[in-house]
Amino acid sequence: MRELFTVYGSASPTAAGTGTFTSLTATIGYGAFSNITVPKGLKAKIWAKRLSGTVGYQLQIQWGPSGSQTTISTENLASPGVIELEKRRPIVLVGDGTKQLSFAYNTSGAGTISFEVEIELTDEE
């Protein structure tokens, strides 16, 4: 089983600081969500990231049990604009049914920021 989908997030912080993307959407499913739980026996592979914004910011990919997630990867958009990053070797997250994938930011000022992350959900190596 393999499913490739894109997760989208955006925020409009009113000042410099940190926050969490809480209204995520995806190319599969309906409605908004704030995190992704990877079921036991499956892996989530993060292949590509696209960041854009009217202000520079740092995207933080977080993983772990709800309430105690840690940052496993960061990407920086140094100034207003767009950056696209693709991995030859993806970030691989092994699901156990309790850990969640979420996204946070640290912004340098007020503005609009957004990101896209391509994720493959698979039970294969």
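These legends describe several close-up views of a predicted model.

**View 1. The largest nonpolar core of the predicted model.**
The largest nonpolar core contains 28 residues, and those with the most contacts inside it are Phe 21, Tyr 57, Leu 101, Phe 103 and Ile 119. At least two residues of this core come from each of the strands β1 (2-11), β5 (43-53), β6 (57-65), β8 (81-94), β9 (99-107) and β10 (113-122). Of these, β10 gives the most to the core, with 5 residues. As general background, nonpolar side chains in soluble globular proteins tend to be buried together.

**View 2. The surroundings of Ile 119.**
Ile 119 is one of the residues with the most contacts inside the largest nonpolar core. When residues up to four places away in sequence are not counted, Ile 119 touches Glu 3, Leu 4, Phe 5, Val 7, Ile 36, Ala 44, Lys 45, Ile 46 and Leu 101. Among these neighbours, Leu 101 is also listed with the residues that have the most contacts inside the core, and Leu 101 is the bridge partner, in β9, of another neighbour, Ile 36.

**View 3. The salt bridge between Glu 120 and Arg 2.**
The side chains of Glu 120 and Arg 2 meet in a salt bridge, with 3.1 Å from N to O. Because Glu 120 belongs to strand β10 and Arg 2 to strand β1, this pair ties together parts that are 118 residues apart in sequence. Glu 120 is buried, since its relative accessible area is 8%, whereas Arg 2, at 56% relative accessibility, counts as exposed.

**View 4. The salt bridges around Arg 50.**
The count for the structure comes to 6 salt bridges, and this view shows those that involve Arg 50 and two glutamates of β10. The side chains of Glu 116 and Arg 50 meet at 3.5 Å, N to O, and those of Glu 118 and Arg 50 meet at 2.7 Å, N to O. Glu 116 lies in strand β10 and Arg 50 in strand β5, so their salt bridge ties together parts that are 66 residues apart in sequence. Glu 118 also lies in strand β10, so its salt bridge with Arg 50 in β5 ties together parts that are 68 residues apart in sequence. Through shared partners, salt bridges join Arg 50, Glu 84, Glu 116 and Glu 118 into one network. Within this network, Glu 116 counts as partly exposed because its relative accessibility is 28%.

**View 5. The aromatic cluster that includes Phe 21.**
A search of the whole structure finds 3 aromatic pairs, and one aromatic cluster is formed by Phe 21, Phe 103, Tyr 105 and Phe 115. A pair of aromatic rings is described by the distance of the centres and the angle of the planes. Phe 21 and Tyr 105 form an edge-to-face pair, at 5.1 Å centre to centre and with 65 degrees between the planes. This pair links distant parts of the chain, for Phe 21 is in the loop between β2 (17-20) and β3 (25-26), while Tyr 105 is in strand β9, 84 residues apart. Both Phe 21 and Tyr 105 are buried. Phe 21 and Phe 115 also form an edge-to-face pair, at 4.7 Å centre to centre and with 65 degrees between the planes. Since Phe 21 lies in the loop between β2 and β3 and Phe 115 in strand β10, the pair ties together parts that are 94 residues apart in sequence. The relative accessible area of Phe 21 is 1%, so this residue is buried, and Phe 115, at 2%, counts as buried too.

**View 6. Strand β9 and its partners.**
Strand β9 is mostly covered, with 7 of its 9 residues buried. β9 pairs with β2 in the antiparallel sense over 4 bridges, and Gly 19 stands opposite Tyr 105 in β9. Strand β4 (residues 36-37) also runs antiparallel to β9 and is joined to it by 2 bridges. β6 and β9 are likewise antiparallel, joined by 9 bridges, and the bridge partner of Gln 60 in β9 is Ala 104.

**View 7. The hairpin of β6 and β7.**
β6 and strand β7 (residues 70-77) pair in the antiparallel sense over 7 bridges, and Gln 62 has Thr 71 as its bridge partner in β7. The two strands form a hairpin with 4 residues between them, and Gly 67 in the turn has a positive phi of about 90 degrees.

Technical notes:
Residues are numbered from 1 along each chain as its sequence is written. This is a predicted model: local features need pLDDT of at least 70, side-chain atom pairs count only at pLDDT 80 or more; totals for chains, interfaces and linings use all residues. Side-chain values use heavy atoms; hydrogens and water are left out. A nonpolar core is a set of buried Ala, Val, Leu, Ile, Met, Phe, Trp, Tyr and Cys residues joined through side-chain atoms within 4.5 Å. Buried means under 20% relative accessible area, exposed over 50%, partly exposed in between (1.4 Å probe, protein chains only). Contact means heavy atoms within 4.5 Å. A salt bridge is a side-chain nitrogen of Lys or Arg within 4 Å of a carboxyl oxygen of Asp or Glu. Rings of Phe, Tyr and Trp (its six-membered ring) pair if their centres lie within 6.5 Å; planes under 30 degrees apart count as stacked, over 60 as edge-to-face and the rest as tilted. Two strands pair if DSSP finds at least two bridges between them.
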